[in-house]
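Biologist: I would like a close look at a single part of this model. Please take one buried charged residue and work outward from there through its neighbours.

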Amino acid sequence: MTERYIVDVPVRWSDMDAFGHVNNARFLTLYEEARCELFFGQAHKHGLDSFEAGTVIARHEIEYLRPVDYGDPVRIEMWVSELRASTITVSYELFDNGVLASRAKSVLVPYDLANGRPRRLSDAEREFLTPYVISA
């Protein structure tokens, strides 16, 4: 069974630009908060803290579909669109008041901070992520 991980992320006043919309760069912050909830919060609840020990971003891409205004939290739905030996591609959709406002992808690399190099996913990490794997 595969599923999307869904989280509501508050929009802060400081996320606004001079035009009263969420600044384009702040979309990365909203996506990061959702991703951290899954990779740190939920993983930790499942007894897995290895993502907290080292994960780096290798790539981000964002498609902006409509402006997002200050107000209610945005809903971010995310899933793993590709799971490889040493990379995880996370796909997202951001909804503002139920309307799709943005799509994005991030490529994450598990990282050994002590040795300063990428590492392979562990069996436990792969098992944790498997329910969220949805191929495009």
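Modeller: Leaving out residues up to four places away in sequence, E77 touches R4, Y5, I6, S91, Y92, E93 and F95. The model is a predicted one. E77 is found in strand β3, and with a relative accessible area of 11% E77 counts as buried because the cut-off for that class is under 20%. The side chain of E77 has a polar partner: a contact of 2.9 Å joins the side chain of E77 to that of R75.

R75 leads on to an aromatic ring. The charged end of R75 sits over the ring of F95, 4.3 Å from the ring centre. F95 is also among the residues that E77 touches, and E77 is the residue joined to R75 by the polar contact.

Two further contacts of E77, Y5 and I6, bring in strand β1. The side chains of β1 alternate: Y5, V7 and V9 point to one face and are buried, while I6 and D8 point to the other face and are not buried. E77 thus touches a residue from each of these two sets, Y5 and I6. β1 and β3 pair in the antiparallel sense, over five bridges. Within this part, V9 stands opposite V74 in β3.

From Y5 the path goes on to other aromatic residues. Y5 belongs to one aromatic cluster together with F39, F51, F128 and Y132. A search of the whole structure finds seven aromatic pairs.

One of those pairs is W13 with Y70, and the geometry is edge-to-face, with 5.2 Å centre to centre and 85° between the planes. This pair links distant parts of the chain: W13 is in the loop between β1 (5-9) and α1 (26-45), Y70 is in the loop between β2 (55-64) and β3 (74-83), and the two are 57 residues apart. W13 is exposed, with a relative accessible area of 65%. Y70 has a relative accessibility of 44%, so Y70 counts as partly exposed, the class between 20% and 50%.

Y5 also has a polar partner. The side chain of Y5 makes a polar contact of 3.4 Å with the side chain of Q42, a residue found in helix α1. Q42 counts as buried, at 16% relative accessibility. Not counting residues up to four places away in sequence, Q42 touches Y5, E37 and F128. Of these, Y5 and F128 are members of the aromatic cluster.

Helix α1 also holds L28. L28 is partly exposed, with a relative accessible area of 31%. Leaving aside neighbours within four places in sequence, L28 is in contact with H60 and I62.

Back on the side of F95, the chain continues to N97, in the loop between β4 (88-96) and β5 (99-112). The phi angle of N97 is near 55°, a positive value in a residue other than glycine. N97 is exposed, with a relative accessible area of 59%.

To return to the starting point, E77 is buried, its side chain is joined to that of R75 by a polar contact, and Y5, one of the residues that E77 touches, makes a polar contact with Q42 through its side chain.

Key
Residues numbered from 1 in each chain as written. Predicted model: local features only at pLDDT ≥ 70, side-chain atom pairs only at ≥ 80, totals over all residues. Heavy atoms only, no water. Phe/Tyr/Trp six-rings, centres within 6.5 Å; stacked < 30°, edge-to-face > 60°. Helix = DSSP H or I, 4+ residues; strand = E, 2+ residues; numbered from the N terminus. Buried < 20%, exposed > 50% of the residue type's maximum accessible area, 1.4 Å probe, protein only. Lys NZ or Arg CZ within 6 Å of the ring centre and 35° of its normal. Pairing = 2+ DSSP bridges. Polar contact = N/O pair within 3.5 Å; in protein donor to acceptor, adjacent residues only side chain to side chain. Contact = heavy atoms within 4.5 Å.
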